[in-house]
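User: Please take a close look at one helix of this model, then place it in its surroundings. What is it made of, what does it pack against, and how is the rest of the model arranged?

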Amino acid sequence: MSSKMLNGRSVVKGKVEAEALVTAEPLSFMGSVNPKTGYVIERGHELEGQCLKGRILVFPTAKGSTGGSYMLYDVVKNGVGPTGIINIEADPVVVIGAIVAKLPAVDQVDISQIKTGDRLVLDADAGTVEVVD
Amino acid sequence: MYLTDEEKQMLDGQAGELARQCMEILVTLGEINGAEKMLKIRSVHSPGVSYRVTGDAGLNYVVDASKLGTFRVPLTLNTIGIDADRWQQIGFPEEFSRKQLALLQAYAKMGAIPTCTCTPYLNGFAPLPGEHVAWGESSAIAYANSVLGARTNREGGPTALAAAVTGCVPAYGYHLAENRRADLCINVERNISSKRDFAVLGYYAGMTSGRRVPVFKGLPGCRSVENLKALSAAIATSGAVALFHIEGVTPDAVIGKADLKPKETVNFGETEYRQVTDKFNYQGDVDFVVIGCPHCSIGELQQLAALLEGKKVKADFWVCTSRMTKMLSDKMGFTEIIERAGARVVCDTCPVLCPTSSKGYKTILTNSAKLAHYAPGLWSVKTALIQTDQCISAALTGKWGGSK
């Protein structure tokens with residue numbers, strides 16, 4: 001048993017352990033995600049058809065609509081949202097959504113080291129991500 | 001970060017609970033981004049005012065805020081989820097509409113200016129070059145930063161609200177000159193003249209740039225307000241671009257001191273053009289045509305009235321605009337001509353932000369890259385991104401046979 005520790009920068013404090021959902025493509029919460037179901041609906045997106053519920057969402061950065069902040073808050077409040085966020089570069093639209101949704105978030109993480117299905121311990125207080133083997 | 005006495009008082013709660021909550025959010029955002037201080041802002045354009053975007057979570061957030069205080073800086077409202085005057089006539093669902101109106105009322109209580117448009121800059125709300133503002137609506141942000149030379153980050157709904165309550169934002173990102181230099185040069189090799197051309201170029205530039213700041217070189221053709229509006233919307237859809245420069249045209253490039261000599265260059269020619277248009281290339285029967293994403297200018301309404309005069313459309317046809325522009329259009333007779341042809345002038349909203357119709361549309365034809373991108377996921381439709389006159393001819397015949 002060996003774990004891998006990745007370092008990043010704390011964005012929104014908090015600690016959570018969950019399964020990773022990873023994409024190499026930028027994501028917009030508005031227009032890419034159905035806030036009632038938590039499923040990704042953007043056509044042709046790598047995550048189309050995947051559900052965010054209960055997972056730590058790992059994506060490089062956000063794109064598109066600034067409606068994404070309330071959309072992220074709403075999807076979390078509806079109980080079908082992610083439990084944490086890991087980015088390469090956090091976009092202000094996601095940052096403010098994560099602050100109001102009280103969602104632990106880190107950025108400046110080498111996300112190529114994480115695969116969908118990996119068990120993660122996200123410690124946003126310390127700014128670290130542990131990939132549990 | 002450094003705070004003035006007034007800002008400290010807000011953070012301490014001496015200016016009320018709402019100012020305290022808002023300042024706390026802004027300080028958090030500032031600390032994450034290494035801001036040294038706050039900047040006074042002159043205007044706010046708030047995104048996240050469609051109930052489709054806020055859901056109950058966002059609605060309750062704004063209603064709670066409205067019980068505690070008001071805005072101290074002018075705040076205009078972005079596009080909402082219904083036509084506030086004609087929602088029943090157009091057939092927007094009752095429950096959605098009631099919640100949307102409650103959200104509008106909460107904003108009104110705080111002193112918001114109910115512009116309900118993604119194009120406030122077409123209706124007199126246009127910041128000056130170098131002015132610090134807090135704007136949301138991705139297309140309006142790109143336009144304000146790039147075409148007007150104002151300074152804003154990509155603000156989400158809660159930040160816009162906090163900025164209008166406190167009158168400030170943290171000094172980071174596009175507020176600082178060093179972050180406004182070009183990172184990527186896009187060398188335009190193809191003829192670019194129509195609105196669709198600008199939309200296609202913008203969509204490609206957004207895909208290529210991601211979060212970076214591109215500078216366009218060799219951009220020929222008509223650089224009208226409407227074309228730059230189409231470019232701004234597209235570039236902020238496929239990417240998170242908040243600022244672009246056009247050599248010889250935009251304020252940072254002409255009067256500013258932005259460094260426009262990035263190391264990396266990409267070419268935009270016929271191949272790149274096709275890469276975008278191939279993505280949105282539906283052909284066949286047409287049931288819904290939409291012009292006005294972002295909202296139409298009065299000049300665009302005039303053009304549509306001229307194209308539709310004395311004709312009859314077979315497909316459902318929306319022309320989306322702001323309530324201010326619609327008032328002009330009513331006065332000038334364009335609305336009557338457009339609606340006599342069977343199309344509908346819809347204000348305050350658009351298909352990106354209104355509830356999906358129960359009519360079960362299978363297709364949306366549009367000249368907007370933003371709508372062509374979002375509609376497949378939001379409306380479960382196929383889309384075609386085509387020229388304005390092609391949208392009209394497809395609406396008149398009920399069929400679209402494709403184009404180059």
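Analyst: A helix here is a DSSP run of H or I of at least four residues, and helices are numbered from the N terminus. The model is a predicted one. The helix chosen is α5 of chain B, residues 94-109.

Start with its length. At 1.5 Å a residue, the 16 residues of α5(B) should span 22 Å, and the end C-alpha atoms are 22 Å apart, so expectation and model agree. After the helix comes Gly111(B), which has a positive phi near 100°.

Next, the inward side. The buried residues of α5(B) are Ser97(B), Gln100(B), Leu103(B), Leu104(B), Ala106(B) and Tyr107(B). An α-helix has 3.6 residues a turn, so residues three or four places apart point the same way. The buried residues of α5(B) pack against three elements of chain B, namely α3 (51-66), β3 (75-77) and α4 (87-90).

Now the surroundings within chain B. The domain assignment divides the chain into domain 1 (5-177), domain 2 (180-278) and domain 3 (281-400). Between the C-alpha centres of domain 2 of chain B and domain 3 of chain B there are 25 Å. Their contact draws on 17 residues of domain 2 of chain B and 15 residues of domain 3 of chain B. On the domain 2 side, α8 (195-209) and α9 (225-238) of chain B each supply at least two residues. α9(B) gives the most to that side, with eight residues. By class, the domain 2 side holds seven nonpolar, five polar and five charged residues.

One residue of α8(B) can be followed further: Leu201(B) lies in that helix. Leu201(B) counts as buried because it has 27 C-beta neighbours inside 10 Å. Setting aside residues up to four places away in sequence, Leu201(B) touches Val188(B), Ile192(B), Leu231(B) and Phe268(B). Gly269(B) is 68 residues from Leu201(B) in sequence, yet the two C-alpha atoms are 9.5 Å apart.

The largest nonpolar core has 186 residues, and those touching the most other members are Val58(A), Ala98(A), Val289(B), Val319(B), Ile338(B) and Ala395(B). Beyond its neighbours within four places in sequence, Ile338(B) is in contact with Leu304(B), Ala305(B), Leu308(B), Val319(B), Ala343(B) and Val345(B).

That leaves the partner chain. Chain A has three helices and eight strands, in the order β-β-β-α-β-α-β-α-β-β-β from the N terminus. Its radius of gyration is 13 Å, close to the 14 Å that the globule rule gives for 133 residues, so chain A is as compact as a globular protein of that length. The C-alpha atoms of chain A fill a box of roughly 40 × 25 × 25 Å along the principal axes. Buried residues account for 55% of the 133 residues in chain A. Of the contacts in chain A with a separation of 6 or more, 73% join residues 24 or more positions apart.

Finally, the contact between the chains: 32 residues of chain A meet 35 residues of chain B. From chain A, α1 (29-32), α2 (68-77) and α3 (92-101) each supply at least two residues to this side. The side of chain A that touches chain B has 15 nonpolar, ten polar and seven charged residues.

Methods: Residues numbered from 1 in each chain as written. Chains lettered and ligands numbered in written order. Predicted model: local features only at pLDDT ≥ 70, side-chain atom pairs only at ≥ 80, totals over all residues. Rg over C-alpha atoms; globule rule 2.2 N^0.38 Å. Buried ≥ 20, exposed ≤ 12 C-beta atoms within 10 Å, placed from the backbone. Contact = placed C-beta atoms within 7 Å. Domains from an automatic or database assignment. Nonpolar A, V, L, I, M, F, W, Y, C, P; charged D, E, K, R; others polar. Core = buried A, V, L, I, M, F, W, Y, C linked by C-beta atoms within 7 Å. Expected span 1.5 Å × (residues − 1).
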